[in-house]
Amino acid sequence: MLSAFSQAWASWKTAPGVALLAVVAFAVGIGSTTAIFTVINGVILRPLPYPEGDRYVALYGARTTEPGTFMSSSVPDLQDYQRQTTSFDVFGWFQPGGYNLTSPGEPQFVPGATVTPSLARQLGAPMLGQWFADDTSAVISSSLWRRLGGRPDIIGTAITLDGQSYTVSGVMRPGFRMPVAGTAMTRGETELWIPLDPSPSNPNPGSGIYFAWARRKPGVSLEQATADAKRVAVNIAARDPERHPFYTAVVHGLRESPLNNIRPTLLALLTGAGLLLLIACANVATLLLARSVVRARETAIRVALGARRHQLALRYVAEGALVSVAGAVAGVGLSAIFVRQMLAAASDFVPQTEDIGIDWTVLTFSAAVALVTGVLAGLAPLWQAARTPPNAVLTEGVRASAAAPVRRLSQAFVVTEIALAFTLLTVSAILVVHLQNLGRVSLGFDPAGLLTFDLTLPRLPTPRWRSGVAWPGSGPPPGWPSSSA
């Protein structure tokens, strides 16, 4: 094996121009394929950062008249789902939002969420401390922890959120996401979590925007969980038909939920990159095939001296693998550039962009692609050498014996490349039309000159009537705003 690669290296040293062309062709093909795989690995293949994350689902409300639209849920609905479903061993909900962190350090806005403790504790232990110790606990992300100084003794430190004091009870590990992008109205990484009372004493418990997560019991399929949730949705609609017209439930896997809109685009891009890689293989195979004509006499002499077919095959494969591996190394560098450009152009459509990057899975994929393409590129000259009798080369000459088979095979490669190019153009046209259609979606208003902004109102202090002290009368104390205000 080592001798085959050393001979391949010595052979390529005599033709550096051809080797450079082959490496460039492989770099473009492998680089584009690796770039698309990097994105797919980050948003589809990488496991969720939770124990048994493949069993977690997101549960939404929906209307049968609008099957593509999902809704948040109210607390009474979520309590019904929690009590009446039988397919889940974990059930909880959260409310995305944001907080003004005014102490310690400089004031800053922190995206966060309130989450039921029963759900939070099942998503994995914090890196430091624990999940909520009491109602005034707060768990922070590792990135926020570093911004606050990164002190190991931060557990027990008081922080001020929207004018209220909380105590840091835990610091989550790097890479933890809750919620994951696409499963709620969130933008960017959530950096703070505080406990959500699952049974609030609220005069209007139907208000608020909540999203439910659940974990399927072992052996329960997604279809069974969906049927179970739809059964409860029928009961909810019967209980409150005025607020639940045409009501039903939708259950999605956490990995699948954010991908419904971008999956066709990713598959189209992967198909296009695969076609480009096949064109690169055909180009390199044509180069190696033309070079094999020049080396036909050398190959014939080796066969005449006793070289076996597997030895010739190993040498041709080694030559193809050598340039493909070199192309893969250059392609990984190109893919890093391609990924940055893709994420910059599609950051509003691709979820979890902060988790997308080149890791060992991507490098393993690139190495596997390099070996496969190297073998494929080396098969063409091997096939030509096997079909050319050595005595014909030695007696009739190289051109007379090898030119005709090589010409036919080269023509076949040209036809293949043209067919692949037309297919690639078709896929590209479909993708361009798809992106244009996304940009032409009517908003229902003229967006020219309009701006958007987020406004987070300070949270009111916890009233006595919610802290367990009875209030003589119904509803909140006089002067206390209702939840619908």
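**Exercise 1. Find which residue of β9 is the bridge partner of V139, then place β9 among its strand neighbours.**

Step 1. Go to V139 and look across to β9: the bridge partner there is W193. Helices (H or I, at least four residues) and strands (E, at least two) are DSSP runs, numbered from the N terminus.

Step 2. Now widen the view to strand β6 (residues 137-140), which runs antiparallel to β9 and is joined to it by 2 bridges. That is enough, as two strands pair if DSSP finds at least two bridges between them.

Step 3. Strand β4 (residues 108-115) also pairs with β9, this time in the parallel sense and over 4 bridges. Here G112 stands opposite L192.

Step 4. Check the side chains of β9 (residues 192-195): L192 and I194 point one way, W193 and P195 the other, and all are buried. Buried means under 20% relative accessible area, exposed over 50%, partly exposed in between (1.4 Å probe, protein chains only). The pattern is a familiar one: in a regular strand the side chains alternate between the two faces of the sheet.

A word on the model before going on. It is predicted, so local features need pLDDT of at least 70 and side-chain atom pairs count only at pLDDT 80 or more, while totals for chains, interfaces and linings use all residues. Residues are numbered from 1 along each chain as its sequence is written, and side-chain values use heavy atoms, with hydrogens and water left out.

**Exercise 2. Work out how the rings of Y50 and F176 are arranged, and where they sit.**

Step 1. A search of the whole structure turns up 13 aromatic pairs. Rings of Phe, Tyr and Trp (its six-membered ring) pair if their centres lie within 6.5 Å; planes under 30 degrees apart count as stacked, over 60 as edge-to-face and the rest as tilted.

Step 2. For Y50 and F176 the centres are 5.8 Å apart and the planes at 75 degrees, so this pair is edge-to-face.

Step 3. Trace the chain: Y50 is in the loop between α2 and β1, F176 in the loop between β8 (164-171) and β9, and 126 residues separate them.

Step 4. Y50 counts as buried at 5% relative accessibility, and F176 does too at 2%.

Step 5. Ring pairs also tie both into a cluster, whose members include Y56, Y60, W193 and W213.

**Exercise 3. Say which residues touch the most other members of the largest nonpolar core.**

Step 1. A nonpolar core is a set of buried Ala, Val, Leu, Ile, Met, Phe, Trp, Tyr and Cys residues joined through side-chain atoms within 4.5 Å.

Step 2. The largest has 23 residues, and Y50, M178, W193 and W213 touch the most other members.

Step 3. At least two residues each come from β1, β3, β4, α4 (117-120) and β10, with β1 giving the most, 3 residues.

Step 4. Another core, of 22 residues, lies apart from this one; Y81, W93, A212 and V220 are among its members.

**Exercise 4. Is N41 buried or exposed, and what is it in contact with?**

Step 1. Locate N41 in helix α2 (residues 16-45).

Step 2. N41 is buried, because its relative accessible area is 4%.

Step 3. Leave aside neighbours within four places in sequence, and N41 is in contact (heavy atoms within 4.5 Å) with R46, D359, T361 and V362.
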